[in-house]
Structures are given as structure tokens and as C-alpha cells.
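Hi,

Here is the structure I promised to pass on. Have a look at it first, and then read my notes below.

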Amino acid sequence: MITQNRFLLRFILLITIFITFPFPLDSIPFLGFIGESWEELKHLFIPWIAKNILGLEKEITVFTNGSGDTTYDYVQLLFHVVISLIGAGIWSVIDRKERSLRSMNYWLLVLLRYYLGYVMLSYGMVKVIQLQFPQPSFMRLLQPFGDASPMGLAWTFMGFSQGYNLFVGLGEVIGGILLFHRRTSILGAIILVAVISNIVAINFFFDVPVKIYSSTLLLMDLVILMPHINNLLRVILFNQPTESIEYMEPFSHPRWKLGKNIMKWITVVWLVGSNIYGALESDKEYGKAAPKPKLYGLHETEVFIHNGDTLERSLEPSLRWRYLIFERSEFALSLDEEKKRTWYKVEMDSLRDRVYLTNFRDTTSSMSLNFVMTDSSLILDGFKDGDTLHIEAITHKKEDFLLMNRGFNWINEYPFNR
């Protein structure tokens, strides 16, 4: 059992329900609206709590996004803790009967095991397929090393190596799958202690804003291990024999047992299969399997002619492009001589070898450019806001950068630390 303390067990159960809701409903097709409705409701009362109860001067307008450590998230965490404490207290006052806690411990562990297993599968598959940490972009390869943020450095470190992505991802996937089975859950939880601890360390020491959630997952994993702590300590530290574990069977009737096992395997197959399918589909959409744009590459300008005038790098730094990057089909990026970025929406006319670029921030600014591309060069001719443009550029590939072409070497006579 996790604990025989009634208040503590009820608190853990309540806060787990708050954190995991609407799981597992949100993994069932056509029930995603439950989670969306729950989030919309919290977007109303969490900011109200922050303003009227906590007295925060600045109103909350930013919710959970790419960052899971927003002010909203910290207030939400406080809300979960306080409500769970109050709920556990009221529950303990109302229900004072002496009763076995085995059933509550059992179902709490089931919820924790399946939720954590599902989350680890989700995170693991996007590493196995290398979606969470993609290969460094052209923009990242051009960026001066010292200009990177700590999070950007971590993302580049992870994204550089497909093998390391696979190693970490398989740790999450294997640990997650082992949690689905009661007899293998101890091994899965032990594997995930190492895996999630590493994730928490990266999030804290590289300032990745997923500190709250990753720490929560680590605590969940430790709670799953709590019933086995004494046995683990006996084996690992004291070299003593352990007692066999007596697993609780929630159903006594054979039909109920059969129904439980069928439901379990349907759930496991669905969770594993949906994660694999989702990762593969995402890979086709924006991962390595996604089609590359026709003008894919990093194009470094050598000749830039504007309205018949050849612009030199030192004379017109803000008008002249230094680089033009095509990495995704939907958008392109230009950098002027001062490294100022401009993003463009891309429309491609492959039949006429023409590309249309529209400024994301100023949709009135657009270009229509004919192109001629070879393996090593790109020539653009056309109009920008009524002005004529002629651009000749050298095309670079990612393999032209040392970081991407160094490769793996079994033998190194000297360290290659550049």
C-alpha cells in the first residue's frame, strides 16, 4: 500500500485526480471536448483567485502554452494543493469509520500507473521519432554560440544526436509500458526514476519552463514506488531477504476478472497504438518525413541588385539580404546584414518556377520572384513592393557546418574539441 494514513491517502488521491483530469477520457475519440471545457472553466476561476484571493496586482492573461511555469500554472498548483487539503480534511471528518484502505490504495496506484505510463509513452515517442528535439535548424546553425539561451542550448544538444534521442525516448517508452502491468510496474518505476530525474535536472539547470510538470511526474513515480520501498532498501542497501508481494484482486467473480483483463488490454493496446500512430503522422507533417520545400537550403547572398543598383554589404545593411532560408514549406526567413530576421509566408508555383513571399507582420509587403536553383546556387528575379530585385546566392546545406558533418569516430588520436 502507498500509506495507511487516511488523511494522507485521501489528499494524494484528490490532488492526483485534479492533476490528471480528464484522463483517461481525453484519450478516447470524440471526448476531447471534456478537457477543452475543463481548461476553459479554469481560465475563468484561476485568474479570479489570483486577483481576488491572492491579491496579485497584475491580471493573469497568459495561460499554459509552450511554458508550463506561467503565473497561471503556479496559482493552479496552489489551488490544487489547497482544495485537496480541504477536501481530505472534510472527507476525514465526515467518514470516520474504520475500514480497509487496500481498495483505495489499489485504485490510486492504477490511476497513477496508467497516467504516468501514458505520459511517458507520449514524451518517449516524440523522441524516438525525433519530433520534440528536431535537428538544429539553419537559423540555429547560424546563431553565435553565446547568443543562445540556456533552453536553446539544451534543445540544440538534444536535437543534434538522433541516437541520444532514441536512447532517452526508449527509456521513457519502455518504462511507461512496464507501468501498465502490475508485476512489471516496479521495474518500470525504477527505470523512470532515472529518466525523469534527468528531465527534471535539465529543466531546472537549463531554465526550461516545464519545472512544475516534470517535478509532478517525478513525485508520481516515487508514489508508485512507495509500497515497495522497504523491499528495495532490503535488497539494495542491507542485503537482506524480502517478503513476496501479495497483490490485491479487486474482483472475485471470474466474469468480472475476465472483463477487467479484456478492458486492460484494450486500454493498453489503444494507448500504445494511438501514441505510435500520432507520432508517425506528426513526423509526416513536420518531422524528418515531411516533404522539403523546393527551395530548401540556406542561401547566402553574393549579388543583390535593387532597382538596378548593386547593393554592397557595408553600404545598405538593412536593405540587403545576407541570408534567405527555406526550411519549411509554409514559411521562409531572411536575415539582413545586421542579422535582423523577417519571416515570410510562402506560396510556391512549381510549374512556373515562381515563389510568392508575404511578410508575416506586414501583409501589404509582398514579393513575386522567379527562381533558378541548382545544387549549389539560387538565382531570384522579380518584384518586391513594386521594386525590381535580382539576387544571386550560394546554397549551403546543413552538412557544410562542422557540427553536422563531424560524425562519429571510434578512434581519436587527439580530442576534437572546437
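Let's begin with helix α11, which covers residues 254-286. Keep in mind that this is a predicted model. The helix has 33 residues, and at 1.5 Å a residue it should span 48 Å; the C-alpha atoms at its ends are 48 Å apart, so the two values agree.

Which residues of α11 are buried? They are Val-268, Leu-271, Val-272, Asn-275, Ala-279, Ser-282 and Asp-283. Among the elements that cover these buried residues of α11 are α4 (102-128) and α7 (162-179).

Another buried spot is in helix α1, residues 6-20, where you'll find Thr-16. Its relative accessible area is 4%, and the cut-off for buried is under 20%, so Thr-16 counts as buried. And what does Thr-16 touch, leaving aside residues up to four places away in sequence? The answer is Leu-108, Leu-111 and Leu-112.

Now for the surface. Trp-48, Ile-53, Leu-54, Leu-56, Leu-78, Val-82, Ile-86, Ile-90, Val-93 and Ile-94 make up a nonpolar patch there, and together they have about 940 Å² of accessible area. Helix α3 (residues 71-94) is the one that gives the most to this patch, with six residues. Leu-54 is also part of the patch, but you'll find Leu-54 in the loop between α2 (32-52) and α3. Why does Leu-54 count as partly exposed? Its relative accessibility is 38%, and partly exposed means between the 20% limit for buried and the 50% limit for exposed.

Further along the chain, have a look at the strands β7, β8 and β9. Strand β7 (residues 366-373) runs antiparallel to strand β8 (residues 377-384), and seven bridges join the two. If you want one pair to find on screen, Met-367 has Lys-384 in β8 as its bridge partner. The link from β7 to β8 is a hairpin of three residues.

β8 also runs antiparallel to strand β9 (residues 387-396), this time with eight bridges between them. Here a pair to look for is Leu-380, which stands opposite Ile-391 in β9. The hairpin of β8 and β9 has two residues between the strands, and in it Asp-385 takes a positive phi near 50 degrees. While you're looking at the strands, one thing helps: in a regular strand, side chains alternate between the two faces of the sheet.

Cheers

Technical notes: Residues are numbered from 1 along each chain as its sequence is written. This is a predicted model: local features need pLDDT of at least 70, side-chain atom pairs count only at pLDDT 80 or more; totals for chains, interfaces and linings use all residues. Side-chain values use heavy atoms; hydrogens and water are left out. Patches are made of residues with over 30% relative accessible area and no salt bridge: like charges are joined within 9 Å, nonpolar side chains (Val, Leu, Ile, Met, Phe, Trp, Tyr) within 5 Å. Accessible areas come from the Shrake-Rupley method with a 1.4 Å probe; for residues, only the protein chains shown count as cover. A salt bridge is a side-chain nitrogen of Lys or Arg within 4 Å of a carboxyl oxygen of Asp or Glu. Helices (H or I, at least four residues) and strands (E, at least two) are DSSP runs, numbered from the N terminus. Buried means under 20% relative accessible area, exposed over 50%, partly exposed in between (1.4 Å probe, protein chains only). The expected span of a helix is 1.5 Å times one less than its number of residues. Contact means heavy atoms within 4.5 Å. Two strands pair if DSSP finds at least two bridges between them.
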